[in-house]
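Please open the model in your viewer and keep the selection tool at hand. The tour proceeds one selection at a time.

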Amino acid sequence: MRQTSLKRGNPKVEKRTLSELEQKHDFTRRHIGLSPDDQQAMLEVVGASSLDDLIQQTLPGSIRLDDALSMDDSQTEVEALSYLKSLASKNKVHKSYIGMGYHNTLVPNVILRNVLENPGWYTAYTPYQPEIAQGRLESLLNFQQMVMDLTGMDLANASLLDEATAAAEAMTLCKRSNRKKSNTFFIADDVHPQTIEVIKTRAEYFGFEIVVANPSELANHDVFGVQLQYPSTYGDITDIKSIIDAAKSQNAMVSVAADPMALVLLKSPGELGADVVLGSAQRLGVPMGFGGPHAAFFASSDKLKRSVPGRIIGVSVDARGNQALRMAMQTREQHIRRDKATSNICTAQALLANMAAMYAVYHGPEGLKAIAERIHRLAAILATGLAEKGMSGNSTYFDTVTFNVGQQQAAIYQRALDHGCNLRKVGENQLGVSLDESTTAADVAQLFDIFLGSDHGLDVSAIDARIVASGDTGIRGEMRRQDAILSHPVFNRYHSETDMLRYLKKLENKDYSLTHGMIPLGSCTMKLNATAQMIPVTWPEFANIHPFAPKDQTTGYLEMFTELQTMLEEITGYDAVSLQPNSGASGEYAGLLAIRKYQESIGQGHRNICLIPSSAHGTNPASAAMMNMKIVIVECDEKGNVDVEDLRAKAQEHSADLSTLMITYPSTHGVYEEEIVEICDIIHQHGGQVYMDGANMNAQVGLAKPGLMGSDVSHLNLHKTFAIPHGGGGPGMGPIGVKSHLAPFLPNHGVTPVNGLESDVGAVSASPYGSGAILPISYMYIRLLGKSGLKASTQNAILGANYLTEKLAEHYPILYRGRNNKVAHECIVDIRPIKEASGVTEEDIAKRLMDYGFHAPTMSFPVAGTLMIEPTESESKVELDRFIEAMVMVRQEIAKVQSGEWPAEDNPLHHAPHTMVDITAEWNRAYSRDEAVFPTASTRDSKFWPAVNRVDNVYGDRNFICSCPGVEAYRD
Ligand SMILES: *Cc1c(COP(=O)(O)O)cnc(C)c1O
C-alpha cells in the first residue's frame, strides 16, 4: 500500500540533519500517550490554543514557574541505562555475612521473571476492587498463612514496611491493648540496633519511656510491653519462654521479632506465648537491595485482631455465594478513623509479600526445611571448626555466630574484606558471621582461612561427619519445632517449575493491571512504569548490597542518590531531601518529626496544633496523631477549596500553639487553590510550618514548586508521580524535601549515618536510604524525560483530566472546578444526585466499569458518593475515549433504571460485575447476555473477565477468616 504512494525513483536525499534524526526525545514520546494530533484535538475540546495556554488558564499566576527546570534534558534509554550502569558498577558486590536482618537469598528464577520483572504483577493497584484482584489476594492470603504457620499465631496481616517500623507498630499496639498504667516499653539489648533506634524515635512523641537492657532485668521495671529478638541479633537462641512468662507475670505484652528462616526449625514464638510476632520476609527470596523493598510481617493472637495495623486479607463470599477474597476491616482505616486510626500505614509491600509467599509455595515445607537445615549445618560446621581452634562464639545459634576474636578483630575483618567478604564487627573483640542459603561448603572453608589463616587443617566434610555422629548443633532439642508447617495444599502442589509457572500465570490472569487498560485512580497516579526504568532494579550491583555494607562498597548507590536528591530538590524547590521514608505516610511522619524537632530547637517545642483541611487524606491526621499533635479541622468551601477565613480564624485562635498546617496541593478535590501562597503566609505569621502533602505532584512538576509557594516540607510519593509501580499495594517510597531550616532535623541512622547529613535525629526506617533498590526507577524516570519531558508530562496530565472533565460533564455533574472552569490533573464526578434519582450507587458504577474492561476510579475519596478520575499523561486518546464511551453508556444504563425500563434489582449495574459463570448459567434477566458482558466493540475484541461476582464485604467482616480456606482441616 505505502509503496504505491512513493514517487518512483525519487533521488532526493533525506533533508533532516543527523541531529534531527537522533530522536533525543524518543522516550518522552513513548511516556506520553497523546500524540501531537491528539493533543491538538483535545485542546480544542477544552478551549485552549496550546498546552501553554491551558496551563495559563489553569494554574494561578502566583505559583507558575517562568523558567524551565535547571537540569539536563531527555536522554535516550540507551544513554540513561549505560550511564546508570557506570554508576552501579562503582558498587562492590561483596559476599555479605553481616546479618542483622538482611541476608543473601536465591530468588527462584521462575519468581524473579514472572513476578518481580513482570508488569502483570508489578503494575497492579492495591486490591480495593476485589473482583478483579483475586489473584494477588490469593497470594497475599498465602503470605498470611505462611506467616501464621511459621510464627504460630492466630492471624497475620499482608505486610508492613520493614521490621523496625513493624516493631514500632507493635509497641503502640501493646499500649493500646493493655490496661496497665505504665508508660514504659522494654527492649531487650540483643534486638537489632536499627529496630531499637526506630522504636525510640517513635516512642518519644507518644511519651513512652524506653528501657534497653538485658531481659534478666525485666523484673526491675514496670512495663506495658516488651520487645525481643528471636534468635538474637548476635545469633543466640534465647530462651524467650522464660522472658515471656516473666513479662506475663506483670501483665506486660510481648512482641517477638523473629527470623522466618530460623522459625522453620525453631519452636514458634506463638507456642512460647508471644502476643505479637513480626519480622522481615526478605530472606524468603527477595534481594537485599541495599535495604529494601521487602515485606515485613506482623502476626498476633486472635484477641488483638481489631487492633492489628495494616491490611488483612480476608475470606468472604460473592453474590452467588462462592468464595471470594477481599481486604478486611482495616482497609480504609485511616479514612474512617482519621486521627484515631491504629496506624498511618497505607502503601505496604504487597509485591514483596507475594514474592515471599511464592517462595514458600515453590519450596513447600520439605524444601524450606532442607534449606533451613542446610544453613544451620553450615553454621554448625563453622562454629565447631573454629571452636576446635579456640575461637568460641555463642553456644546456641541457627545461622549466626558471634565469635570472640580478641585482639585479632581488625586483622580478621580486614582479611575478610581482602577476600571480598563482609563480617559484622561487634564491640571491640567480636566478629559476627551470618550464613544463608547462598552459602556453600567452599564459603565455609574460606571463612576458616579468613579466621585462622591458611594452615588450620580443618576439613568441612570431616567436621560435618562428626556433627552428624554427635548430633551436637546450636539448636537444643527442646527448642526444636515439633508442629507441622505449610501443610495447606497450596504449599504442596506447585514444586515443579511447570506447575509453578502455571500457578503464577493463573493468579496473574485474574488480576487487572496496567497491562489491560487504564487505572484512572484519582490521587494515585497510575502512570507508565517503563521497562527501561525497571531493568536496573535487578542488576546484581543494586540488588545484592547489604544496607550496612562498608561505605566504600556503596559508592555507586550513594552517587546515584546524590544526583537524585539534587534533581528532586530542583523539582520541588526545597534545599534538602531525605530518601529514608518507605511510603508517603512514612514521609508525613518524618516531615512532622523534622518540624517538631526544629520547633524545639528554637524554644517552641510546646507548639502541638496541626491544622488539617477536612478534605485531607486519612494518613494526614493519622500521622499527626503519631506525633502527639492535636488536630484541628479546617473547613472547605462549596468549591472544594480550603476556607481561608476559617483557616485564618483557627490559626489566630491557636496562634500560641500552632505547629503545622498539612495541606495537599493541588487539593484532593483536584483544583489549584488560588490562595495557596496566602495560606502559607497566614501559617507562618502565626509561627507555624507548612507541610504540603506531595501526592499530587503530578500536577506540579515543571510548572510549580512547593518550596516556592511557601511550603516548608513535603513528601513525594515516588510510586505515584515518579513511576515506581504500585506493585499491587506496594512497594513505595516517600522521600521528603525540606527548606534549609529543617535540614538538620532529617532522619539519620545510627548504624550507618546518612551520607553528608548533619543531624542527630533518629531513624524512621530500618535502613538509611529506605528501599534503595527501587530508587533507580525514579532516577531513570527523571533522566529519561529531562526538564522538557517532565514539564510536558505534567501539561499532558492536566490536558487529559480537563478533556475527560469536558466530555463527562455532558453526562455527569462535576463536583469542583477551579479558575476558568478548569481542573488540575484529576476530576471528581458526583454520583450523589444520580443515586438520589435512580438508586444506582457509585459502587454499582465502579463494578459495572469492570464489565467494560476498566478498573474503577477512586471511590468515595475525598468526598463520599463520588468517583475521582485521574487519567495521567501516559494514556492515549483512544484509551481516554474508550473510557468516556464506557462512562456515557453507563449513564444511559442508569437512565433506563431511573425510567423504570429496568427494575432496580434486575439490571446490569445491580448485578455487575458479570462473570463467565453468569452467562453460562440459566439466564432470565431483564437485559441480554450480550449487554452484560460485551457492551462495546473493545470488549468484544478483548475481554477481561472478573473472576468472581460482587464480593460481600459485610459478610467477610462478620465472619472474619484470614487463613487459607479449609486450613483447620490441615492443621496438627
Ligand atoms: C497516597 C496518598 C497518601 C499516602 O501515601 P502512601 O504512600 O500510600 O503511604 C497521602 N496523601 C495523599 C493525598 C495520597 O494520595
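The following steps concern the domains and the contact between two of them.

Please note at the outset that this model is predicted.

**Step 1: the domains.** Colour residues 99–512 as domain 1, 574–771 as domain 2 and 814–957 as domain 3, following the domain assignment of the protein. The C-alpha centres of domain 1 and domain 2 are 32 Å apart. Where these two domains touch, domain 1 contributes 42 residues and domain 2 contributes 45 residues.

**Step 2: the buried area.** Together, domain 1 and domain 2 bury about 3,400 Å², and 60% of this area is on carbon and sulfur atoms. Now select Tyr205, Arg338 and Asn344 in domain 1: these residues lose the most area to domain 2, together 23% of what their side buries.

**Step 3: polar and charged pairs.** Which side chains meet in a salt bridge? Display glutamate 204 and lysine 597, whose side chains form one at 2.8 Å, N to O. The interface of domain 1 and domain 2 holds one salt bridge, and 19 residue pairs are in polar contact across it.

**Step 4: the helices of domain 1.** Select α11 (193–206), one of the helices that supply at least two residues to the side touching domain 2. With nine residues, α11 gives the most to that side. By residue type, this side of domain 1 comprises 21 nonpolar, 13 polar and eight charged residues.

**Step 5: an annotated span.** Finally, select residues 793–914, which an unreviewed UniProt entry lists as "domain: Glycine dehydrogenase C-terminal". The span is 50% helix and 8% strand, and its end C-alpha atoms lie 36 Å apart.

Note on methods: Residues are numbered from 1 along each chain as its sequence is written. This is a predicted model: local features need pLDDT of at least 70, side-chain atom pairs count only at pLDDT 80 or more; totals for chains, interfaces and linings use all residues. Side-chain values use heavy atoms; hydrogens and water are left out. UniProt positions are given in the numbering used here, feature names are shortened, and annotations may be inferred rather than shown by experiment. Helices (H or I, at least four residues) and strands (E, at least two) are DSSP runs, numbered from the N terminus. Domain bounds come from an automatic or database domain assignment. Contact means heavy atoms within 4.5 Å. Buried area is the accessible area (1.4 Å probe) that two parts lose on being put together, summed over both. A salt bridge is a side-chain nitrogen of Lys or Arg within 4 Å of a carboxyl oxygen of Asp or Glu. A polar contact is a pair of N or O atoms within 3.5 Å; within protein, one must be able to donate a hydrogen and the other to accept it, and residues adjacent in sequence count only if both atoms are side-chain atoms. Ala, Val, Leu, Ile, Met, Phe, Trp, Tyr, Cys and Pro count as nonpolar, Asp, Glu, Lys and Arg as charged, and the others, Gly among them, as polar.
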